[in-house]
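User: I would like to learn how to read the features of a protein model, one at a time. Please take me through this one, beginning with a salt bridge.

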Amino acid sequence: MGIPSIQNKLSEYELQRLENIRKNNAVMEKLGLFGARDSLVANLQVPTPKPKQIQLNFSRKRKQADPESLRRSSRKAGKPVAYTPDALDEVVANAERPKRRRCEGSLANAQRITQGLSDQQRASLDGAQSWLDDMEEFLLHTPHGRGYKTISEDNCRTVMRQVRVLVSGTGITYRHWPDNVIFGENQPVTLSSDFVQLYGEAAQFENKYGEDRGHGWLLRHPITKLLCYQLHRHDAVAK
């Protein structure tokens, strides 16, 4: 089938349309627009996007806590710690207990603590004044006792509270003891006191009226620290 036979089947409108296309193509070819068109079409082609590589990061960043929300103890915040008489047994029950350990000098210290000082040695300390502050420094910074080590600030605060009561002679009371039961009332201790004997009296007192919930923090532990400091002061004077 030839082209003339096909054109014979087209309508007048279609024939006119084909003629217009032929004329337009002839004009564009004459002006050299076919090459520009092909170049423009090539530049407009959208490149195929490369698949995105996904990197898995399993590390988790820890959320920074607000400094204002962090818990701080009253001691570290510089605030005084207040205690009431009714809360004393709670304090001594939760107080830090020293861990016993053997180290150089511990056996010798244990023997000296058991024996204490003689009457003559204690007499050399008679008349000592303003020794409470020095005792506090000793407890915090000088190894001592059966474990031959220092104590914490909380431990020291509890000990010195009881020591000051013993030194004042007002006596130590405890809410779990019967009314009017006071240990050491009108018997102020001094640096020349016999703390080995006082320790025995405290043990008998506890056997009669009951031990504190801290198992010795009310009486026996402070008296032991007094004895340790007494030995320390005697050694310093002897030098």
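Analyst: Start with one pair: Arg-122 forms a salt bridge with Asp-119, and their closest N and O atoms are 2.3 Å apart. Bear in mind that this is a predicted model.

User: Where do Arg-122 and Asp-119 lie?

Analyst: Both belong to helix H6, residues 119-123. They are three residues apart, which is about one turn of the helix.

User: Is each partner buried or exposed?

Analyst: Buried means under 20% relative accessible area and exposed means over 50%. Arg-122 has a relative accessible area of 10%, so Arg-122 is buried. Asp-119 is at 58%, and therefore counts as exposed.

User: How do I read a salt bridge between separate helices? Take Arg-233 and Asp-134.

Analyst: Look at the distance, then at the positions in sequence. The side chains of Arg-233 and Asp-134 meet in a salt bridge at 3.9 Å, N to O. Arg-233 lies in helix H10 and Asp-134 in helix H7, so this pair ties together parts that are 99 residues apart in sequence. Asp-134 is partly exposed, because its relative accessibility is 36%.

User: Which residues are joined into one network by salt bridges that share partners?

Analyst: Asp-119, Arg-122 and Asp-194 are joined in that way.

User: How many salt bridges are there?

Analyst: The count comes to eight. One of them is between the side chains of Arg-22 and Glu-19, at 2.3 Å, N to O. Arg-22 and Glu-19 both lie in helix H2, three residues apart, or about one turn of the helix. Glu-19 counts as partly exposed because its relative accessibility is 27%.

User: Which residues make a nonpolar surface patch?

Analyst: Leu-15, Leu-18 and Ile-21 make a nonpolar surface patch of about 230 Å². Leu-18 is in helix H2, residues 12-31. With 43% relative accessibility, Leu-18 counts as partly exposed.

User: Now the interior. Which residues touch the most other members of the largest nonpolar core?

Analyst: A nonpolar core is a set of buried residues joined through side-chain atoms. The largest one here has 33 residues, and Met-135, Leu-139, Phe-183, Leu-219 and Leu-226 touch the most other members. Helices H7 (132-141), H8, H9 and H10 (220-238) each supply at least two residues of this core. H10 gives the largest share, six residues.

User: What does Met-135 touch?

Analyst: Leaving aside residues up to four places away in sequence, Met-135 touches Met-160, Val-163, Lys-225, Leu-226 and Tyr-229.

User: How do I place a residue that is in a loop? Where is Arg-175?

Analyst: Name the elements on either side. Arg-175 is in the loop between helix H8 (153-168) and helix H9 (195-209). Arg-175 is partly exposed, with a relative accessible area of 45%. The C-alpha atoms of Arg-175 and Asp-212 are separated by 9.6 Å, while the two residues are 37 apart along the chain.

User: Last, the chain as a whole. How many helices and strands does the protein chain have?

Analyst: The secondary structure comes to ten helices and zero strands. Of the 239 residues in the protein chain, 27% are buried. The accessible surface is about 17,700 Å², and 50% of that belongs to carbon and sulfur atoms.

User: What share of contacts joins residues at least 24 apart?

Analyst: Among contacts in the protein chain between residues at least 6 apart in sequence, the share is 68%.

Definitions and conventions
Residues numbered from 1 in each chain as written. Predicted model: local features only at pLDDT ≥ 70, side-chain atom pairs only at ≥ 80, totals over all residues. Heavy atoms only, no water. Helix = DSSP H or I, 4+ residues; strand = E, 2+ residues; numbered from the N terminus. Buried < 20%, exposed > 50% of the residue type's maximum accessible area, 1.4 Å probe, protein only. Core = buried A, V, L, I, M, F, W, Y, C linked by side-chain atoms within 4.5 Å. Contact = heavy atoms within 4.5 Å. Patch = residues over 30% accessible without salt bridge, like charges linked within 9 Å, V, L, I, M, F, W, Y side chains within 5 Å. Areas by Shrake-Rupley, 256 points an atom, 1.4 Å probe, with all protein chains shown as cover. Salt bridge = Lys/Arg side-chain N within 4 Å of Asp/Glu carboxyl O.
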